[in-house]
Amino acid sequence: MDSETRLKTLRHISTEPNQRTLAQKLGFSIGKTNYVLKALIDKGLVKAERFAQNPNKLGYRYVLTPQGIRERIELTESFIQRKREEYELLQKELEQIAGTAYKNES
């Protein structure tokens, strides 16, 4: 599973009441969402808790573990750094294009 999928899932996992709405929010199929959740649980990043008041006992709430919170922070920082580097690269390209265009006009 790539880091973007992990980050996206870790960001939204606590806000969605079930796998179906989480899948819709993430733009994944329910099968992929289930696969991702199981992988995150296996890694110890997420914990599935049953709703005690739920009469059918099929309802789960997904909670980030302390390790999951750390992973989310690290992935977010990495994502921001990648985007910052992309931005700086684009700025340099724009400066080069603008410099070339200015030289051609002279």
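This report walks through how three helices pack in a predicted model and what lines its largest cavity.

## Helices α1 and α2

Let's start at the N-terminal end. Helix α1 covers residues 3-12 and helix α2 covers residues 19-26. Their axes lie 10 Å apart and make an angle of about 130°. An angle that falls between 115 and 145 degrees is neither roughly perpendicular nor roughly antiparallel, and α1 and α2 are therefore oblique to each other. The crossing of α1 past α2 is right-handed.

If you would like to find this contact in the viewer, look for Lys8, Thr9 and His12 on the α1 side. Their partners in α2 are Leu22, Lys25 and Leu26. Sorted by class, this contact holds two nonpolar, two polar and two charged residues.

## Helices α1 and α3

Next comes helix α3, residues 30-42, which packs against α1 at an angle of about 90°. The two axes are 11 Å apart. Angles of 65 to 115 degrees count as roughly perpendicular, so that is how α1 and α3 are arranged. From α1, the contact draws on Thr5, Arg6, Thr9 and Leu10, while α3 brings Val36, Leu37 and Leu40. By class, there are four nonpolar, two polar and one charged residues here.

Thr9 is worth a second look: this α1 residue takes part in the contact with α2 and also in the contact with α3.

## Helices α2 and α3

The remaining pair in this trio is α2 with α3, whose axes are 9 Å apart at an angle of about 100°. This angle also lies within the 65 to 115 range, and α2 and α3 are therefore roughly perpendicular to each other.

On the α2 side, the contact residues are Gln19, Arg20, Leu22 and Ala23. They meet Ile30, Thr33, Asn34 and Leu37 of α3. The class count for this contact is four nonpolar, three polar and one charged. Two residues here have appeared already: Leu22 of α2 also meets α1, and Leu37 of α3 also belongs to the contact with α1.

## The cavity

Now for the inside of the model. The count comes to one cavity of 30 Å³ or more, and the largest cavity has a volume of about 30 Å³. Its lining is made of Ser3, Glu4, Leu7, Leu75, Phe79 and Arg82.

Which helices supply at least two residues each to this lining? They are α1 and α4, the latter spanning 66-105. The lining divides into three nonpolar residues, one polar residue and two charged residues.

How values were computed
Residues numbered from 1 in each chain as written. Predicted model: local features only at pLDDT ≥ 70, side-chain atom pairs only at ≥ 80, totals over all residues. Heavy atoms only, no water. Axes fitted to C-alpha atoms, helices over the stretch in contact; angles between N-to-C directions. Helix = DSSP H or I, 4+ residues; strand = E, 2+ residues; numbered from the N terminus. Parallel < 35°, antiparallel > 145°, perpendicular 65-115°, else oblique. Left-handed = near helix turned anticlockwise from the far one by under 90°. Contact = heavy atoms within 4.5 Å. Nonpolar A, V, L, I, M, F, W, Y, C, P; charged D, E, K, R; others polar. 1 Å grid on protein atoms, 1.4 Å probe; cavity = no way out; pocket = protein on both sides within 12 Å on 5 of 7 lines; lining within 4 Å. Points joined across faces, edges and corners; volume = space filled by probe spheres on them.
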